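Please open the structure in a viewer and keep the sequence panel visible. The tour proceeds from one strand to one helix and ends with the whole chain.

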Amino acid sequence: MDMFDAGERADEAGAVDAIVVPTIRHPRWLTHAIRLAGAISCPLVSLHSRWSDAGQAAGWMPHGVDFLAIDIGDPDGLNLPDFATTALLRGTPFPRTTDLSAKRNTALVLARLMDWRRIVFLDDDIEVSSPQDVTRAAELLDSYDAVGMQIDGYPDNSVVCHAHRETGGYQDSFVGGGALAVETTRSPSFFPNVYNEDWFYLLTDASLRRLAVTGKVKQRPFDPFDQQVRARDQELGDVLAEGVYWLLDKDPRQGWKPATDPAHWICFLDARDRFIADILDRVRQLPPDDRKRRAMESSLLAARGRLHRIDPDFCVAYLKAWLEDRRRWDDHLNAIPQLGLHAQDVMKWLIKDGATTLRWWKSLSFAY
């Protein structure tokens, strides 16, 4: 699956300005993205933190691949707005400590600075079936704001939804930021720092952005039940996103605005509690000595415990803060020059005044 035909190149209609990979892992996890970038002749941008190192990644890059590798460092030093959604979660049980949203938002700022219109977000544990799927997605951006690639194989779901599927429930997967082509200049959006941040990126003030799906990708398998903290930390984002998209599924014409009424969340939170309780009942019917049963039960109890701390008024407050952040993000982008700057100048724009300078590496052929 990783071996691409060097003759498969993007034509102008399907040209990709950059593939963006946020990563916390060893550079070997970039192998697939490197081959993909080479196959479609576009730059690879890798954004590193924690156990990942941009300098090490630069040494991993083969000759002939255009790349820009950046150590993100402290997310608070990045030139991003002070989001109301982040402030709302501060001091509550719900703050999200990952930097994935900050990396994706930084990529959107980077695209603005370099005058990139079409970028593809790709997680380091995702593999694309064919380069043509990526160029087809980029081509569709002429008509759509975002184009997702359908995950085939191991599903991309929350822990609760994995447990639902594994105990006999029907569970589909929605497209997400793990394999998503976006048009960066039209109807700008951002990734809030909450689980399912990509679902929020795909929303407008009233409904869903123009979205298409094409091609197939595969996610590398993992054990969703190995740490109960994962289910606990996902619950708020799962509730908020599922609660909003539930409305869109019921009646796309009305949009998601009923979610700004606490009455919606009173109903939805009760339904969510019954949903998790039903999965727990099915899990407890598994053999008592089944190791997976114990792990699934612990994860579901952690999710349910966190669910019981979510208040309908808090859900409404989050959505109002998110709407405020959308306006703040639009103002932020409008203040950024769209000039196709050189990389040296771009790095200065990516951080706030007085913040620690970013460490970065690029290929000699990187045309900025």
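Select strand S4, residues 118-122, first: 5 of its 5 residues are buried, so the strand is mostly covered (buried means under 20% relative accessible area, exposed over 50%, and partly exposed in between, with a 1.4 Å probe and protein chains only). Helices (H or I, at least four residues) and strands (E, at least two) are DSSP runs numbered from the N terminus. The model is predicted: local features need pLDDT of at least 70 and side-chain atom pairs count only at pLDDT 80 or more, while totals for chains, interfaces and linings use all residues. Residues are numbered from 1 along each chain as its sequence is written, and side-chain values use heavy atoms, with hydrogens and water left out.

Display the side chains of S4 next. Arg118, Val120 and Leu122 point one way, Ile119 and Phe121 point the other way, and all are buried.

**Neighbours of S4**

Add strand S1, residues 18-23, which pairs with S4 in the parallel sense over 3 bridges; two strands pair if DSSP finds at least two bridges between them. Here Ala18 is opposite Ile119 of S4. Then add strand S7, residues 179-183, which runs antiparallel to S4 and is joined to it by 5 bridges. Within S7, Glu183 is the bridge partner of Arg118.

**Helix H9**

Move to helix H9, residues 262-283. Its 22 residues reach 31 Å from the first C-alpha to the last, close to the expected 32 Å at 1.5 Å a residue (the expected span is 1.5 Å times one less than the number of residues). At the start of H9, a side-chain oxygen of Asp261 comes to within 2.9 Å of the backbone nitrogen of Ala263.

Which residues of H9 are buried? Among them are Trp265, Phe268, Arg272, Asp273 and Arg282. To see what covers the buried residues of H9, select helices including H6 (159-166), H8 (228-250), H10 (291-307) and H11 (312-334).

**The whole chain**

Finally, show the full chain, with its 12 helices and 9 strands. The radius of gyration is 21 Å, close to the 21 Å that the globule rule gives for 368 residues, so the chain is as compact as a globular protein of that length (the radius is taken over C-alpha atoms, and the rule is 2.2 Å times the number of residues to the power 0.38). Along the principal axes, the C-alpha atoms fill a box of roughly 60 × 45 × 40 Å. Buried residues make up 55% of the 368 residues.

How values were computed: Contact means heavy atoms within 4.5 Å. A polar contact is a pair of N or O atoms within 3.5 Å; within protein, one must be able to donate a hydrogen and the other to accept it, and residues adjacent in sequence count only if both atoms are side-chain atoms.
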